[in-house]
Amino acid sequence: MKRTIREAKRLIKLFSERKISLQWKMMLYLISLILSGLGVAVILLIAIGGLGGTEEKITRLLEQQLYQSSEEAEEELEEYTGYALQMSKRLGKEIDDYLEREKRSLSDLNNQSEPLLEVQDILYTEINTTIRMGRSSGVFAALDATVNTEIPNADHSRSGVYLRLINVSSNVVLNPETILFRGSPEIARAYGLELHNRWDMEFNTEVLPGWDNYSKKETISKGDYFWSYRMKLPDTWEDVMILAVPILGRNDEFYGVCGVELNHVHFKLEYPSKESTYGAVISLIAPMEENYLSVSKGMVGNTEGTWLDETEKLLVEDKKGYCVYHGQKEDYYGISKPIEFQMQGTDHWVTTVLIPEEECDQRILRNRLYIMIGVASFILLMYLFAMYLSRRFVRPILKSFQEVQEGIELENWHSNIKELEDLYRYISEKDKAISVSDLPPQIEELLKQFAENIKELTRAEYNIFHYYIDGYELAQIPEIACVSMSTIKKHNGNIYRKLGISSNDELMMYIDLFRRCGCLERLERNDDK
């Protein structure tokens, strides 16, 4: 480990001592500035909600949860409905067979306890099979007959069997323990069942969903069924939704109603709240009444992490991507999907997933704050990096220029910047004074002849020539001399001819040579020619 650190330090030292191109150093500096600028742009976009696609992420989260919940809910409702329809067919056939065998009609069973017990035994067999095969917490069948037509409220008292699970769970139980909720105690004794602590001999059809719907219909189809609103199961603390299916004979004679229950406790266990980045997501099925979602009439999954009241209505407000559901204590973001089953009422039912608006917004703000802090830290880091680059690379350049201005000897000057050292070396060599005596004789003769030829220039030509001595370029002279470019070119041609040269480059070479020899004054003249 120590050896690795030493090697790393050695490499860093070699890199720092190496002469790096100014182009690359300035590029690093500019890149850091560009990244800082990008960071500022990002933080501004986040601040105004223009980066991150939060609404789209919430929509995707809700859509994903809705897909899962709706699939599970529809699968369960379809399974319950299938079991209940099959049970209705079998019960209709078996009751038909019994009545034909006994040469009776269903109405003949009124006030006949023994025949009614025999029919209840038929009902029990089918109901027990259904409750063991399905996931329902309760299965029932009620006949359009009563053991006593003389008792009070006899018109709404009907014989039947209602089995319920002792313990409600979210999973299928292979050998569930059942209890008799409605039916003859003889059935309980015959099959070793306990009586429910709210047991009753017969059904009260006033509170049995579907009874009035089917008993008063003139024509009933064998495929008829409907799911009821959520209701309090009579004489219990439990909430259920009842699936009611008519029991029909061969000639579509109404024999009664059978069905299953969807227990609210089971629904809560089956659909727990799901913790997400934006808060707890809850699932429910409920009817839509105009612009309201009637939570009190549907089934609600576990509401842990929310303030949802299961007895309220939520006002639905459409938004882009999802809806806002306004509740009594809390508002929610959510989306819905229609349920394609025959449900109670004329309203359409939906599967809905909700997420608390306030907590969602808080988490969005918190996430944005974290991102903004991260971006701000990145910007600060880039700023410090730029400052480091400035101190490491730019300041030495400025210091080098200052040293040159103060007269530091250029030949022995070092900056670790290749371009600067090459430039200063060139300046050092260029700025060396050249003595006329050091020049070859032929060069000295050329300079002498050139200076003599100056006298041949006219006043206008000399003025143009002097602009070149002062360091002006050809393109700048027309404006300074207040003449046209064509006039300048004409004067240049005369200047070249009289001085014995052929181009502007040659002219500038002579001027530079006079300057470096320190005898630039030889090109001056005071006559008025």
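Here is a quick look at the overall build of this protein and at two of its helices, α4 and α11.

What you have on screen is a predicted model. The protein carries 14 helices and 18 strands, and 43% of its 529 residues are buried. Take the contacts between residues at least 6 apart in sequence: 63% of them join residues at least 24 apart. On the outside, the accessible surface comes to about 29200 Å², with 53% of that belonging to carbon and sulfur atoms.

Now to the two helices, side by side.

| Helix | Residues | Number of residues |
|---|---|---|
| α4 | 113–133 | 21 residues |
| α11 | 459–469 | 11 residues |

Start with α4. From first C-alpha to last, α4 reaches 30 Å, close to the 30 Å expected at 1.5 Å a residue. Its buried residues include Pro115, Leu116, Val119, Gln120, Ile122 and Leu123, and further along Tyr124, Glu126, Ile127, Asn128, Thr130 and Ile131 are buried too. In an α-helix there are 3.6 residues a turn, so residues three or four places apart point the same way.

What do the buried residues of α4 pack against? The partners are two helices, α3 (54–102) and α5 (185–191), plus the strands β1 (138–143), β3 (160–165), β4 (178–182) and β10 (254–263).

Then there's α11. Eight of the 11 residues in α11 are buried, so this helix is largely enclosed by the rest of the structure. The buried set is Glu461, Tyr462, Ile464, Phe465, His466, Tyr467, Tyr468 and Ile469. Just after α11 comes Gly471, which takes a positive phi of about 100°.

Key: Residues are numbered from 1 along each chain as its sequence is written. This is a predicted model: local features need pLDDT of at least 70, side-chain atom pairs count only at pLDDT 80 or more; totals for chains, interfaces and linings use all residues. Side-chain values use heavy atoms; hydrogens and water are left out. Helices (H or I, at least four residues) and strands (E, at least two) are DSSP runs, numbered from the N terminus. The expected span of a helix is 1.5 Å times one less than its number of residues. Buried means under 20% relative accessible area, exposed over 50%, partly exposed in between (1.4 Å probe, protein chains only). Contact means heavy atoms within 4.5 Å. Accessible areas come from the Shrake-Rupley method with a 1.4 Å probe; for residues, only the protein chains shown count as cover.
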